[in-house]
Amino acid sequence: TKSPVRVAVTGAAGQIGYSLLFRIASGDMLGKDQPVILHLLEITPALKALNGVVMELRDCAFPLLADIVTSDDPMVAFKDVDYALLVGAMPRKAGMERGDLLGANGGIFKPQGEALNAVASRDVKVLVVGNPANTNALIAQQNAPDLDPKQFTAMVRLDHNRAISQLAEKTGKPVSSIQNITIWGNHSSTQYPDLSQATVDGQPALEQVDREWYENSYISTVAKRGAAIIEARGSSSAASAASAAIDHMRDWALGTPDGQWVSMGIPSDGSYGVPEGLIYGFPVTCSGGQYQIVQGLEVSDFSRGKMDATAQELSEERDEVRKLGLV
Ligand code: NAX
C-alpha cells in the first residue's frame, strides 16, 4: 500500500470545503489506493465549526483518511503538504472597488504564499479557488520564490465543466461525447469559453450549433453561470466548485486521457501571445504530474479579441497588486 500524502485545504469550514473534504477523503481526487492526511486551515473564529466538520469526517470512517491536522496558522497547516487547495478568500462586499478586494485578498494570499515557501513539500501542487482566483494565485506564487512558479495554478475548471454541460444540453448529446473545449483567461466575466476546437461525437461543435447562439448566448451563459446559481439557490456554487477542484487536481496529478485536454489557470509562458507571467486559463494536457500547454491551435480574429480582452483584465489586476506591493 502507498504511504499517505498530505493535502491542505484552506477555508475548510466553508461551503466548498463541506463538499470538497469528503470527496478528497473518499479517494475521488488522488485515487482509491492513495491514503491522505488532511491539513485544514481556518481563521480562528471558524475553528469551532471546523471541529464539527472534522467530527463528521471521522464519522465517515473513510479507509483512505489516515489523519487530520487543523490549525489557524498557515505555517502549521502547510507543513510538508504535497497538495494545497486555497479555497478561503475575502468575498467582494457591496461598494468594494477592485483595488480594495485585491488588497484584502493580498492579506490572505501573501502570508499563505510565504508559508508554502517556508514549510510545504518542495513539489507542492497549489490550486487557488478563492476569488479573484487568478490574481490570488499570482500573489501566492510571487511570495514563494523558492518554489517553481509552475507549481501555482488557478481554477477555471468549473467554467470548463459548465461550458461542456451547456453544449451537451444544446446538442442533446451526453457530456461524455464532448471534447476539447477551452476556457481562456480569467475566472471572471471576461473569460472566453472557446468552442472553435471542440467536438461533439468527434464532429466539430460549431457545425452543430449556430454561430449566433455561440457568440451571443452561449459565451455569456457560461460566464454568468455563477450569478444564475446564486439567484436560484440563494448561495454561491459549492458542490460544483468542489467537484471542479477535484477534477483539476486529479488530472494534474494523475494525467489527462489520451487525445483530450482540460483548462487550467497557469502562469503564461507567452504562448498564444498572452503576456508572460499572468495566471491565465489555457488548454493543457497533463502527464507525470506536469501540465503542458496545447500548442498550435488556430486562433480566429474573434478568438483573438476575446483572448486579448481577458488578458487585459488580468494585466490590470497585476498592475493593481504591484501598486499595493503584494507582488
Ligand atoms: P465560504 O464563505 O462558505 O467559506 C470560506 C471560508 O474561508 C470561511 O469558512 C472562512 O472562515 C474561510 N477563510 C477566510 N479567510 C481565511 C484565511 N485567511 N485562511 C483560512 N480560511 C479563511 O465560501 P465558499 O462558498 O466556500 O467559497 C470560497 C471561495 O471560492 C470564494 O472566494 C468564492 O468566491 C470562490 N469560488 C471560486 C470559484 C472558481 O471557479 N474559481 C467558484 C466557486 C466560488 O465562488
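Biologist: What makes strand 10 and strand 11 a pair?

Modeller: Strands (DSSP E runs of at least two residues, numbered from the N terminus) pair if DSSP finds at least two bridges between them; two bridges join strand 10 (residues 199–200) to strand 11, and the two run antiparallel, so they count as paired. Val 200 stands opposite Gln 203 in strand 11. This is a predicted model, in which local features need pLDDT of at least 70, side-chain atom pairs count only at pLDDT 80 or more, and totals for chains, interfaces and linings use all residues. Residues are numbered from 1 along each chain as its sequence is written, and side-chain values use heavy atoms, with hydrogens and water left out.

Biologist: Why are strand 7 and strand 11 called edge strands?

Modeller: The open sheet has three strands in the order 7-10-11, with antiparallel pairing, and strand 7 (178–179) and strand 11 (203–204) each pair on one side only.

Biologist: How do you know that Asn 131 makes a polar contact with the ligand?

Modeller: A polar contact is a pair of N or O atoms within 3.5 Å; an N or O atom in the side chain of Asn 131 is 2.8 Å from an oxygen atom of the ligand, and therefore the pair qualifies. A backbone N or O atom of Val 129 lies 3.2 Å from a nitrogen atom of the ligand.

Biologist: Which residues come nearest to the ligand?

Modeller: Of the 23 residues around the ligand (each with a heavy atom within 4 Å of it), Gln 15, Ile 16, Glu 42, Val 129 and Asn 131 come nearest.

Notes
A polar contact is a pair of N or O atoms within 3.5 Å; within protein, one must be able to donate a hydrogen and the other to accept it, and residues adjacent in sequence count only if both atoms are side-chain atoms. Helices (H or I, at least four residues) and strands (E, at least two) are DSSP runs, numbered from the N terminus.
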